[in-house]
Amino acid sequence: KFVPTGEVTGEHDLTSNAGLGKLKPTSVSTAPIAGQKPGTSGLRKKVAEFKKENYLNNFVQAAFDAIKASGTDISKGSLVIGGDGRYFNPEAIQILIQMGVANGVRRFWIGQDGLLSTPAVSAIIREGGPRWQKAFGAFILTASHNPGGPTEDFGIKYNCEHGEPAPERMTDEIYANTTTIKSYKICKEFPNIDIGAAGHSKIMSDDGSAEVNIEVIDSTEAHVKLLKSIFDFSAIRGLLDRPDFSMVYDAMHGVNGPYVKKVFCDILGQDLSVTLNCVPKDDFNGGHADPNLTYAKELVAVMGLNRKGEKIDMGGRPIPSFGAAADGDGDRNMILGTQFFVSPSDSLAVIVANADTIPFFRTQGGLKGVARSMPTSGAVDLVAKDLNYSLFETPTGWKYFGNLMDSKELFDGAEYTPFICGEESFGTGSDHIREKDGLWAVLAWLSILAHANTNSLSDTLVTVEDIVKAHWAKYGRNYYSRWDFENMNATKANAMMDKMRAETDANTGKTVGKYSIEKSDDFVYVDPVDGSVAKKQGMRFLMTDGSRIIFRLSGTAGSGATVRMYIEQYEPTKIDMVASEALADLIRVALDLSDLKGFLGTEEPTVIT
Ligand code: G6P
Ligand code: ZN
């Protein structure tokens, strides 16, 4: 049961050491360790790095100091801890508890087996428990879609009191603290907590003057309860139970497996055959838990596609009607139909266009706000314009959406503003939490399919492909492709970006192939709510015909630099071309404008999405 059962007794002063016993904090001397700057989504490094003496401790102390400096009283409320189950999670959780206690945290909620998906953490922070004070924040132990295991990546990120990722001013402060740290606090005598079973432990000081409560909670309950309040589960079940409908959900051995089983098997009554790779593994079974055409190989093959999204010969084998995949920490999603790939940008546009099929939006007076990251295609812009939703374009990173969702000013003082956001990087979600939510996106698609089929006059199943094609027929098609060049030399990648930055004026107005560059710039974002400015968010080439070329360096690369090249071309009527062919000319222009081969020595991307 999610509701924590521990009693909250008075606040205790842990600063005097006498009689504290197991709760006695020790101050351990340390020195700054270079390179602890959190990226787009927390600190991600190789496990070996994290295992080095004081590495995790330094970062965690720096985080606690920044959390306290932000005005949070960590002795009140609870701290949530959980992760995607990757290697080193169990050890890190015990260290976090011991350091949390030493720093003054009195109440912890830990996901059973250390598992909590990123969206579930956000949901838990926002919900809180009725008897315990609401959580003030959470540590999420994940490197998202980066590979896991002893020789791969580990990661840690902090989320704040509304369930949102730590804002940049906080991550900057955490980093600054790591550069000046002299000591950290830890309770060395604190017992190891058994995180394998749900339940409550109370650890008392020897003299009985202080106590710490630790609740190991069911990983799925709060999140699933929230999803049930958003979607019409019986309508979705109606679709799933159709004899001509079948689906497969690939959790890629990440944390989403238990959530998929809970929703689709326990609640929606489906057979286990719906689940693929739904047992979490600490190395993701040697895979790369990133839901895209390249890495979700098994699902992509089951759905009858190759890594380019092209149909393969299935020799007459049956293909499911619907396929979905999740990343390691369960916040990303990929949506597939029978031999049909839905690009994340199109997925966002279709969900926004059909938001009123979801009770959450219908009952709140309809959707009002829509946001996408800058590199995400403009497909959703066309829908927003048509349906009169406010549209926002932010830098890459989910954290930029939170301010917009919580703003009353942007929406004429409205108490509450239903909001949907999405990114080309397989992230979609709404204001029900403050993270993207893979399971939410899948249920949104199933709601759309259920609705379309209920209203259909024919007995034949309305498919994912039918829905997307009808969408293109109405709005036109934004052909889109992202090329990733992973593990590149960081100096050379930066030099390439610098060159484009230096040439923005020269490039503006230039004719390249059949395109003419209306504007070339480095994207700058001014947050409409708090006026904060984010610079250097990506080199853009905006063509006069509305096509776009964008270059960015990834903020989540584990090692080396990852160059991302985004290509988009809008076609109002020609919607039936093969994407790679429709984009071939623009891709050539992009490679030449950047002199990618000159800088990186290759023109072969490692991943195409
Ligand atoms: C994480 C963030 C996303 C972001 C993505 C891509 O998943 O949560 O918001 O879009 O990383 O980041 P990158 O910098 O690697 O392109
Ligand atoms: Zn993720």
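**Note on the ligand site, domains and cysteines**

1. Ligand 1 sits in the largest cavity. This placement, like everything that follows, should be read with the understanding that the structure is a predicted model.

2. As for the surroundings of the ligand, 14 residues lie around ligand 1, and the closest of these are E423, K436, G555, T556 and R564. With the domain bounds in hand, the reader can place these residues along the chain, which is divided into domain 1 (21-218), domain 2 (223-475) and domain 3 (477-608).

3. Turning to individual polar contacts, an oxygen atom of ligand 1 and a side-chain N or O atom of E423 are 2.6 Å apart, while R332 places a polar side-chain atom 2.9 Å from an oxygen atom of the ligand. In the case of G555 the backbone takes part, with an N or O atom 2.6 Å from an oxygen atom of ligand 1. Of the 390 Å² that ligand 1 exposes when taken alone, the protein buries 98%.

4. On the overall arrangement of the chain, the C-alpha centres of domain 1 (21-218) and domain 3 (477-608) are separated by 37 Å.

5. A biochemist may also wish to know how many disulfides the model contains, and the count comes to 0. The cut-off behind this count is a distance of within 2.5 Å between two cysteine sulfur atoms, and two cysteines illustrate how it applies.

6. Why does C160 form no disulfide? The closest cysteine sulfur belongs to C421 and lies 17 Å from the sulfur of C160, which is too far for a bond. C160 itself counts as buried because its relative accessibility is 10%, the cut-off for buried being under 20%.

7. C265 can be treated in a similar way: its sulfur is 7.8 Å from the closest cysteine sulfur, that of C278, and therefore too far away for a bond. With a relative accessibility of 17%, C265 also counts as buried.

Methods:
Residues numbered from 1 in each chain as written. Chains lettered and ligands numbered in written order. Predicted model: local features only at pLDDT ≥ 70, side-chain atom pairs only at ≥ 80, totals over all residues. Heavy atoms only, no water. Domains from an automatic or database assignment. Buried < 20%, exposed > 50% of the residue type's maximum accessible area, 1.4 Å probe, protein only. Near = heavy atom within 4 Å. Polar contact = N/O pair within 3.5 Å; in protein donor to acceptor, adjacent residues only side chain to side chain. Areas by Shrake-Rupley, 256 points an atom, 1.4 Å probe, with all protein chains shown as cover. 1 Å grid on protein atoms, 1.4 Å probe; cavity = no way out; pocket = protein on both sides within 12 Å on 5 of 7 lines; lining within 4 Å. Sits in = over half its atoms within 2 Å of the grid points.
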